[in-house]
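Welcome! Please take a moment to look over the sequence and the structure below, and then read on for a short tour.

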Number of protein chains: 2
Amino acid sequence: MAKNLALKSARAARDLSQQQLADIVGVTRQTVNAIEKGDYNPSVKLCISICRTLGKTLNDLFWEDEQ
Amino acid sequence: MAKNLALKSARAARDLSQQQLADIVGVTRQTVNAIEKGDYNPSVKLCISICRTLGKTLNDLFWEDEQ
DNA sequence: TCAAAATGTCAAGTATATATTACATATTTT
DNA sequence: AAAATATGTAATATATACTTGACATTTTGA
């Protein structure tokens, strides 16, 4: 998977550190880091939780428009 | 998680069986069944693959509007 | 410029998504 | 009604998301 810059950017817009976002959604900072880096393939439940925290939707943060 | 009726309905609209959808996205029929039933929490990659197959987006099939 | 905070990364462990096999019931088709 | 197909479900196995703990580097702010 590619880097998730939409996520990184949405997190920055809310002025949250990886650690803070991780705490809110109940995972570790390493997990948030890995998702932003594109290292793995999170569960949709975690994606939804991240989206809600950042005021975005799944399409905003996890849908790639180009096929 | 609750039953995913949006998925069940989108699959029906394309006239695909659970088995056919599973084959296309590369999982087993039990996995598709469990997702529709709401038994577990698929990876976002699998969600995206299902959405593409059914001509829907993540928001269409995996975003619950009520908080 | 120095310390603190944030980020990147790695190794080893745990939890859970997904596979495999199998069987039962429901639905559709002939 | 019988046969085929679709769906529901369960037990055991495997792959991988995610944790824990640790250390290194980069960035931020006083």
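The surface near DNA strand D divides into four nonpolar, eleven polar and three charged residues. This is a predicted model, so please read every value here as computed. In total, 18 residues lie around DNA strand D, and those that come nearest are Val27(A), Thr31(A), Tyr40(A), Pro42(A) and Ser17(B). Helix by helix, at least two residues each are supplied to this surface by H3 of chain A and by helix H2 (18-25) and H3 of chain B. H3(B) gives the most, with five residues.

Now turn to the other strand. DNA strand C is surrounded by 18 residues, the closest being Ser17(A), Val27(B), Thr31(B), Tyr40(B) and Pro42(B). Two or more residues of that surface come from each of helix H2 (18-25) and helix H3 (29-37) of chain A, and from helix H3 (29-37) of chain B. Here H3(A) provides the largest share, five residues.

The table sets out the classes of residue for each DNA surface.

| Surface | Nonpolar | Polar | Charged |
|---|---|---|---|
| near DNA strand C | four residues | eleven residues | three residues |
| near DNA strand D | four residues | eleven residues | three residues |

And how many residues of chain B are in contact with chain A? Twelve residues of chain B are in contact with twelve of chain A. On the chain B side, helix H4 (44-54) and helix H5 (58-62) each supply at least two residues. The residues on that side of chain B comprise six nonpolar, five polar and one charged.

Conventions
Residues numbered from 1 in each chain as written. Chains lettered and ligands numbered in written order. Predicted model: local features only at pLDDT ≥ 70, side-chain atom pairs only at ≥ 80, totals over all residues. Near = placed C-beta within 6 Å. Helix = DSSP H or I, 4+ residues; strand = E, 2+ residues; numbered from the N terminus. Nonpolar A, V, L, I, M, F, W, Y, C, P; charged D, E, K, R; others polar. Contact = placed C-beta atoms within 7 Å.
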